[in-house]
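Let's walk through this structure together, starting with the overall layout and ending with a pair of backbone details. Please keep the sequence and the 3D view at hand as we go.

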Amino acid sequence: MTDLSTLSAAAKAWPFEQARLVVERLKKTPKDEVIFETGYGPSGLPHIGTFGEVARTSMVRHAFRCITGDKIKTRLIAFSDDMDGFRKVPTNLPNQEMLAQHLHLPLTKVPDPFGCCESFAHHNNKQLRELSSIASALSTSSCPRPRNISPARSIRRC
Ligand SMILES: [Zn+2]
């Protein structure tokens, strides 16, 4: 064990506590790869809460990698429930009247109110991928060496 994995194994922070639970589960049921999953409903623009969902999962993944000395392959999966529909139009979107005509339809059938993507779901999923790549960059950095991260771009437009 490296110094970092020794320190990580005793860390009291929440991500390390959760990662230790995963390590304990692996002792009972060994696997070659651990998949960390998160997701959201894209009926509104991704926001800080959406980023938090991805960031929390990425923090546990990173803690897991530190504890295990990065000897077990990990993967992050972020899913999007884009078959869900609007019950009402979010007030922070352009083209309110057009969106009001698409209530209760799968978000993949709702035109992109920004006009840049195939559908509103595609627009928001693209934003989710950007958030996920930022959070993933945080968690895939080598332990303990931090990785340079590109500045975040606007999450409103594609
Ligand atoms: Zn778009």
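**A guided walk through the fold**

Of the contacts in the protein with a separation of 6 or more, 63% are between residues 24 or more positions apart. Keep in mind as you look around that this is a predicted model. Its secondary structure amounts to five helices and two strands, and along the sequence these elements come in the order α-α-β-α-β-α-α. The protein has 158 residues, and buried residues make up 27% of them.

A good place to begin is the pair of strands. Strand β1 covers residues 33–40 and strand β2 covers residues 73–80; the two run parallel and are joined by eight bridges. To find your bearings within the pair, look for Gly39, which stands opposite Phe79 in β2. While you are there, a general point may help in reading the side chains: in a regular strand they alternate between the two faces of the sheet.

Now follow the chain from one strand to the other. The connection involves helix α3, residues 48–67, and together β1, α3 and β2 form a β-α-β unit that is right-handed.

Helix α3 also has a helical partner, so to speak, in α1. Helix α1 spans residues 3–10, and it packs with α3 at an angle of about 125°, the two axes being 7 Å apart. How should we describe the orientation of α1 and α3 to each other? An angle between 115 and 145 degrees is neither roughly perpendicular nor roughly antiparallel, and α1 and α3 are therefore oblique to each other. On the α1 side of this contact you will find Leu4, Ser5, Ser8 and Ala9, which meet Ala63, Cys66 and Ile67 in α3. Sorted by character, the residues of this contact comprise five nonpolar and two polar ones, with no charged residue among them.

Finally, let's turn to two loops and their backbone angles. In the loop between α3 and β2 sits Asp70, whose phi is near 60°, a positive value in a residue other than glycine. Is Asp70 buried, exposed or partly exposed? Asp70 has 17 C-beta neighbours inside 10 Å, so it counts as partly exposed.

Further along, His104 is found in the loop between α4 (96–100) and α5 (120–139). Phi of His104 is near 70°, again a positive value in a residue other than glycine. With 8 other C-beta atoms within 10 Å, His104 is exposed, because 12 or fewer such atoms place a residue in that class.

Methods
Residues numbered from 1 in each chain as written. Predicted model: local features only at pLDDT ≥ 70, side-chain atom pairs only at ≥ 80, totals over all residues. Pairing = 2+ DSSP bridges. Helix = DSSP H or I, 4+ residues; strand = E, 2+ residues; numbered from the N terminus. Right-handed = clockwise from strand over helix to strand, strands pointing away. Buried ≥ 20, exposed ≤ 12 C-beta atoms within 10 Å, placed from the backbone. Contact = placed C-beta atoms within 7 Å. Axes fitted to C-alpha atoms, helices over the stretch in contact; angles between N-to-C directions. Parallel < 35°, antiparallel > 145°, perpendicular 65-115°, else oblique. Nonpolar A, V, L, I, M, F, W, Y, C, P; charged D, E, K, R; others polar.
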